[in-house]
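Colleague: Could you take me through this one in short steps? I will ask, and you reason it out.

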Amino acid sequence: MDRMEVAHIDPANTSILAALSLPSSRQNLEVPNLEGELPQWICEVYEFQTEIEQFNSSRDRSEAYRPIERKPDSIDWIKRDNKIKPSDRSHPNHVQSTLPYRRSKYAMSRPVSAVQQQRHAIQLMSNLLCIRTNASPFTLVLDDLNQRAMPFLHEMINRGLSRKVNVVVVSFEATRFHPAVRHVQAWGNRSATDILKDIQKAMSDHKESLVIVDNMYDAVVSKNIDIAAFFDLVVMKHGSTLVGVYHNDMIPEATASGSNAYAPDPLQLLKFMATTIITCQSLSHVLAAKAARERSLPEPTFGLLSGAEGIVQCLNANDQRGIVLQAEFRRKSGRPETQTYFLRPASITDYHAPLPNQVIGTLKQEFVTLLAQHPAYASKEIAGLVSAAGNEMETSFNLNLTDKQKAAREGVILPYFDAQKGEGGEGGRILYDMGEEDDFDEEEDEI
């Protein structure tokens, strides 16, 4: 079918979609010249299909995920104007659309590949660590003595300072901070009203801030800070991000709920309000649990869950190789999305040199990965060793026999075995005399 034949197609009597599906017609067809003869919806479909082909040809979806390398003065990374001017009266947070091509009502969803799913999962954690706008208004971090949340918080602080985000730390435990971090003292004889006033003062001159509370239990229970008022101050009024740390190994008091016996537990209330829940785990403990699952054995318990008297922190706690983050992202619809990540300690080479007006340089590439991609977790050699160890019996002696022992075992005459055949004499033969109560059936005996 040549170009002239396509141009004189009768739309009422010919299948236009069948004509457009031919390779020759798609190469020679020019939609702008045929708008007067073809229906408008056919032109829109063809134009949309052309945009999709151009977009797919410009990207190779078969390659593995490679993070984008940022420049030292990256515009989309650093917040150029985070200070509040005297003329500003609000805290706008605009989210720009990042669609690669125009959406149409004729568009259909494409199946998600493994590479796209991996890219999407890493992007969720990257937005959280980099304090992207509306990524997670309230993030609840759960830790214990076996794995503290400090590596995760340090990475968030470093990335916030590199993006010129105002970082405020409400301290109940920590005493050392970066000089650029604003510190709000919460321990001591400070009341809840004084703490909220200091937090508001620390955020008043910036459009967007990062507020970190290192102990949510003391904030809610000891200081009696209204979590709803705290959330409204940080997230709703100032449009900022709130991150709270809750220690799982702290035993709540009997009167933690106050005078109201029907009040929910503080941890359950925080989980209900959180938009993202991060559970910190030690890498060594995660690998030990996986090895137990591979051998169909019960997973080991650590810390207070082990039930051992006097043990609150187990061996290989707070692994120096990195931290395992089990994240639960909650969408606006309420549907949760869970992923497990591995975050290694940041090095100097992960950040650019700081600019003259910067405290910490721009991040070069994203180095947080999925736990399934960690060499120690997904290694086939380790999996083979685990399987081989599972096939061996855990005994202190060897059950294997030599050839001489096997021959001696076969030569042993078992008692009462030959006597039943009448070959070993009468000794050991089983004799039975029937009594009056026995019912003897001759027909059955013959059978």
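Modeller: Start with K83, which has a relative accessible area of 45%. Keep in mind that this is a predicted model.

Colleague: Is K83 buried, partly exposed or exposed?

Modeller: Buried means under 20% relative accessible area, and exposed means over 50%. K83 has 45%, so the class is partly exposed.

Colleague: Which side chain meets that of K83 in a salt bridge?

Modeller: The model holds 13 salt bridges. In one of them, N and O are 3.8 Å apart. There the partner of K83 is D205.

Colleague: How many residues apart in sequence are the parts that K83 and D205 tie together?

Modeller: K83 lies in the loop between α4 (40-58) and α5 (114-129). D205 lies in the loop between α7 (192-203) and β4 (209-213). So the pair ties together parts whose separation in sequence is 122 residues.

Colleague: With which arginine does D205 form a salt bridge?

Modeller: The closest N and O atoms of that pair are 3.0 Å apart. The arginine is in strand β3 (residues 182-185), 23 residues from D205. At 26% relative accessibility, D205 counts as partly exposed. The arginine also counts as partly exposed at 26%. Its name is R182.

Colleague: Which residues do salt bridges with shared partners join into one network?

Modeller: D205 meets K83 in one salt bridge. D205 forms another with R182. The network therefore joins K83, R182 and D205.

Colleague: R344 and D350 form a salt bridge as well. Which of the two counts as buried?

Modeller: Their closest N and O atoms are 3.1 Å apart. R344 has 30% relative accessibility, so it counts as partly exposed. The buried class needs a value under 20%. At 9%, the residue that counts as buried is D350.

Colleague: Let us turn to rings. Is the pair of Y217 and Y246 stacked or edge-to-face?

Modeller: There are three aromatic pairs in the model. In the pair of Y217 and Y246, the ring centres are 6.0 Å apart and the planes stand at 75°. Planes over 60 degrees apart count as edge-to-face. So this pair is edge-to-face.

Colleague: Are Y217 and Y246 buried or exposed?

Modeller: Y217 lies in helix α8 (residues 216-222), and Y246 lies in strand β5 (residues 241-247). The pair ties together parts that are 29 residues apart in sequence. As for accessibility, both Y217 and Y246 are buried.

Colleague: Over which ring does the charged end of R163 sit?

Modeller: R159 offers another case: its charged end sits over the ring of F367, 5.2 Å from the centre. For R163, the distance to the ring centre is 5.7 Å. That ring belongs to W77.

Colleague: Now the sheet. Which strands stand at its edges?

Modeller: The open sheet has nine strands with mixed pairing, in the order β3-β2-β4-β5-β1-β6-β7-β8-β9. An edge strand has a single partner strand, so one side is left without a neighbour in the sheet. The edge strands are β3 and β9 (369-370).

Colleague: Do β1 and β5 pair in the parallel or antiparallel sense?

Modeller: Strand β1 covers residues 138-143, and the two strands pair over six bridges. L140 stands opposite G244 in β5. The sense is parallel.

Colleague: What is the bridge partner of C280 in β7?

Modeller: Strand β6 (residues 276-282) and β7 pair in the antiparallel sense. They do so over seven bridges. The partner of C280 is L325.

Colleague: Which residue in the turn between β7 and β8 has a positive phi?

Modeller: β7 and strand β8 (residues 336-343) pair in the antiparallel sense over eight bridges. I323 stands opposite L343 in β8. The two strands form a hairpin with five residues between them. The turn residue, with a phi of about 95°, is G334.

Colleague: Is N316 buried or exposed?

Modeller: N316 is found in the loop between α11 and β7. It has a positive phi of about 60° although it is not a glycine. Its relative accessible area is 54%, so N316 is exposed.

Technical notes
Residues numbered from 1 in each chain as written. Predicted model: local features only at pLDDT ≥ 70, side-chain atom pairs only at ≥ 80, totals over all residues. Heavy atoms only, no water. Phe/Tyr/Trp six-rings, centres within 6.5 Å; stacked < 30°, edge-to-face > 60°. Helix = DSSP H or I, 4+ residues; strand = E, 2+ residues; numbered from the N terminus. Buried < 20%, exposed > 50% of the residue type's maximum accessible area, 1.4 Å probe, protein only. Lys NZ or Arg CZ within 6 Å of the ring centre and 35° of its normal. Salt bridge = Lys/Arg side-chain N within 4 Å of Asp/Glu carboxyl O. Pairing = 2+ DSSP bridges.
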